[in-house]
Amino acid sequence: MTQAAQPDGTSAIREAIAAGRTSLGIELGSTNIKACLVGPDHEPVASGSHAWENELSDGVWTYSLDAVHAGLQGAYAALVADVERRYGVRPTTYAALGVSAMMHGYLPFDADGALLVPFRTWRNTSTGPAAAELSALFGYNIPLRWSIAHLYQAILDDEPHVPQVASFTTLAGYVHRALTGRHVLGVGDASGMFPIDPATGDYDARMLEQFRHLAAAKRPGLHVEGLLPQVLTAGQDAGRLTAEGATLLDPTGALRPGVLLCPPEGDAGTGMVATGSVAPRTGNISAGTSIFAMVVLEQPLASVHHELDLVTTPAGDLVAMVHCNNGASELDAWAGVFGQFAAALGQPAEPDAVFGALFRAALDGAPDGGGLLAYNYLAGEPITGLDAGRPLVVRTPDSRLTLANFARTQLYGVFGTLALGMRVLHGEGVAIDTMFAHGGLFRTAGVAQRLLAGAIDAPVAVGQTAGEGGAWGIAVLAAYARAVSDAADAAARDDGEAAPALDAYLTDRVFAGVRLDVVTPDPADVAGFAAYLERYAAGLAVERAATEAL
């Protein structure tokens, strides 16, 4: 894949847009809502974005639904403006459309569709008792951020809204229902609401029954299966854009209803698609406000580990996930400080230039970070057992505080908790051929990629879509749904072949011939990061003390 095509020689793209043969993906990330338009060949041809931020309200990390609606409209309007600027045509319909968003969390609604409590995002860590009890009951790790943990914690706390819950979903599921009227969810995102049985591709029946008996003591008659979204796999028809949904996206009225939608997915699933890593022994790492690794398993894990979540690919295959609440936000904050310093010297620099300078400096840092430690904990971190976070830079008197060591340590800080989780995965004997990395952290060529390879001691591949991320991934899933639908129509006419499975579709139609830059671990980086990680693990005592004292 390449970056969005330029206006020169774009008559074919213009014609595809006008004829509705492009696919649109919209992803609601933690700090940015991005829309990506792809042509019939899956190349990104236009994009738009809208910045937003979560807020801490009454101790809950949340986004308002008004902010969701405004952000959708802002990102879509920016995309349309980009299309008009590049190609001189305004899109009125699409071959297919898809929505993805940050996974997990809790959005409960009453029978009239009213939100009962503010959206509780993946970032909240208030569900400890519920997650622990469910994990023990199921014999299956239930992370703090999973939707079922939020629901059960509300039951344990006897929250007054619980009797009114008629449905609950994730952010992607909410937006999809607003666009189509259908209460459905892609299997990858659904696997972060309640455990999925890979054999059936649906919620695990045994665990549903166990939950029913558990909840009956406090909420007799509560049947969680009636509240959860219907599970769909990649390629299935997830509904059509309604007139109300078209107006929500495009209040100007230019967008027509009737567009096919693919199943809504979480950002983990779109990351797998965006990196072509949906087959066993493949994996990907996505770095943004959070950072997580996804590894497609050949077989179930031998043991239950609180560091590892079991989710699925958009096609329903089992995946081990190492999810860290804290990613690159603290690194972003430090880059902002250095940008302000440059401006104070009378040498203002664009953010990309500041990041580039910091990243290049990191390559000159000592392999172990020169004795420095960086904790990027703006929020609690379940993998390390912390309910709250305190960003810290820690060093000993004999450490070497240089720009290079500071920059390298900040990047190491992004990867620290992830590496702790990956050690558990390696202990299970899980084989990984190559890890694919994506997200804005990898736009500066060769830096974060090299340090990540050293941190996980495995080859790391970055493709030309490293900066496109999940919006492109969900656009590809939308295109796949259209391909499956078209193949079904052709089969009904007895003049076509069956649609390929998702992994074959990605390999043969999306990533065929795509250039990948693969970096193998440098032994010095591997040894240096291992030394850093030992200090990092020991230094968590400082982080815990800070959360208790401040």
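**Rings, charges and cysteines**

Arg123 lies over the face of Trp61, 4.5 Å from the centre of the ring. This arrangement belongs to a predicted model. A second arginine is placed in a comparable setting: the charged end of Arg177 sits over the ring of Phe109, at 5.3 Å from the ring centre.

Aromatic rings also pair with one another. A pair of aromatic rings is described by the distance of the centres and the angle of the planes. Across the whole structure, a search finds 19 aromatic pairs. One of them joins Phe194 and Tyr203, with 6.3 Å from centre to centre and 85° between the planes, an edge-to-face pair. Phe194 counts as buried, at 0% relative accessibility, and Tyr203 is likewise buried, at 9%.

Another edge-to-face pair is made by Tyr375 and Tyr377, whose centres are 6.1 Å apart and whose planes meet at 65°. Both of these tyrosines are buried. Tyr375 and Tyr377 also belong to a cluster, in which ring pairs link them with Tyr412, Phe529, Tyr532 and Tyr536.

The cysteines remain to be considered. A disulfide requires two cysteine sulfur atoms within 2.5 Å, and by this rule the count is zero. Why does Cys262 form no such bond? The closest cysteine sulfur, that of Cys36, is 13 Å from the sulfur of Cys262, and this is too far for a bond. Cys262 is buried, with a relative accessible area of 1%. Cys324 also counts as buried, at 1% relative accessibility.

Notes: Residues numbered from 1 in each chain as written. Predicted model: local features only at pLDDT ≥ 70, side-chain atom pairs only at ≥ 80, totals over all residues. Heavy atoms only, no water. Buried < 20%, exposed > 50% of the residue type's maximum accessible area, 1.4 Å probe, protein only. Phe/Tyr/Trp six-rings, centres within 6.5 Å; stacked < 30°, edge-to-face > 60°. Lys NZ or Arg CZ within 6 Å of the ring centre and 35° of its normal.
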